[in-house]
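Colleague: Could you walk me through the salt bridges and helix packing here? I'd like the cut-offs too, please.

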Amino acid sequence: MKRNKTEQVRKLLEANPKIKTEQVMAKLGVTKSYAYVLMSKARRDLADEVKSEVSQRYGKLVHAVSQGRAKIRMQSARQFNNLPDGMTATEAEEIVADVNQAIAQHDTVNHPAHYTAGGIETIDFIEAKGLGYHLGNVVKYITRADHKGDRLENLKKAQWYLNREIEKSGK
C-alpha cells in the first residue's frame, strides 16, 4: 500500500513539481505527516531515476562530470582523450552540455542531498512535528552534521540553538 501511495505522489509531482503538501493530503486522504513522508520518498525516487537514466545514457562522461563538474564545465570535450569508440568531439561536447544541464536541474536549493539523507527531508520532519525555529535548527544541524561541512561545528550550532530554546522556555 505504501508503495502505491508513493507512486501516486510521484505521478502528482511529475504533473506538478510545485504541488503543496495540503494538495497531496486532499487528493490521497492522508495525514500531513504521512504526506510529507510520501513526498520525500517520491522526490528521492524521481531523483534516483534521473541519475540512473543520465548514467546509463552517458556512461564515462557522467563519471568524469561527477568527479569534477566545475572542471568539466570549463573544459572543452575535445580535451577528453578517452572518448568512446566512434564518438566525435562534437558529440562529446553535446553530451557534456546535456549532463551539465541535468546537474543544474538537480535541485540543490530546494532538495539538497544533505537534507534528504535517510529518506525524509529535514524540513518535512521539522514541519510535521511543528518544532518551530530553535528546535527546527537543532534538528537541521544534527541531521546535516555527517553530510555537510565540519561535523563538530554543526553539532555546536545545534547545541547553541538548543541552549537558546532552553533559555527561552525558562523565562
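Modeller: Happy to! This is a predicted model, where local features need pLDDT of at least 70, side-chain atom pairs count only at pLDDT 80 or more, and totals for chains, interfaces and linings use all residues. Residues are numbered from 1 along each chain as its sequence is written, and side-chain values use heavy atoms, with hydrogens and water left out.

Colleague: How many salt bridges does the count come to?

Modeller: A salt bridge here is a side-chain nitrogen of Lys or Arg within 4 Å of a carboxyl oxygen of Asp or Glu. By that rule the count is 6.

Colleague: Which residue forms a salt bridge with E14?

Modeller: The partner lies in helix α1 (residues 2-15), as E14 does, 4 residues apart or about one turn of the helix; helices are DSSP runs of H or I, at least four residues, and strands runs of E, at least two, numbered from the N terminus. The closest N and O atoms are 3.4 Å apart, and the partner is R10.

Colleague: Is R10 buried or exposed?

Modeller: Buried means under 20% relative accessible area, exposed over 50%, and partly exposed in between (1.4 Å probe, protein chains only). E14 is partly exposed at 46%. R10 has 12% relative accessibility, so it counts as buried.

Colleague: How many residues apart in sequence are the parts that R43 and D124 tie together?

Modeller: The side chains of R43 and D124 meet in a salt bridge, 3.9 Å from N to O. R43 lies in helix α3 (residues 32-58) and D124 in helix α7 (residues 122-129), so the parts they tie together are separated in sequence by 81 residues.

Colleague: Which helix gives the most to the largest nonpolar core?

Modeller: A nonpolar core is a set of buried Ala, Val, Leu, Ile, Met, Phe, Trp, Tyr and Cys residues joined through side-chain atoms within 4.5 Å. The largest one has 12 residues in all, including V9, L28 and L46. Helices α1, α2 (21-28) and α3 each supply at least two of its residues. The most, 5 residues, come from α3.

Colleague: Are α7 and α8 roughly parallel or antiparallel?

Modeller: Axes are lines fitted to C-alpha atoms, for helices over the stretch in contact, with angles from 0 to 180 degrees between N-to-C directions. The axes of α7 and α8 (residues 132-144) come within 10 Å and cross at roughly 150 degrees. Angles under 35 degrees count as roughly parallel, over 145 as roughly antiparallel, 65 to 115 as roughly perpendicular and the rest as oblique. The pair is therefore roughly antiparallel.
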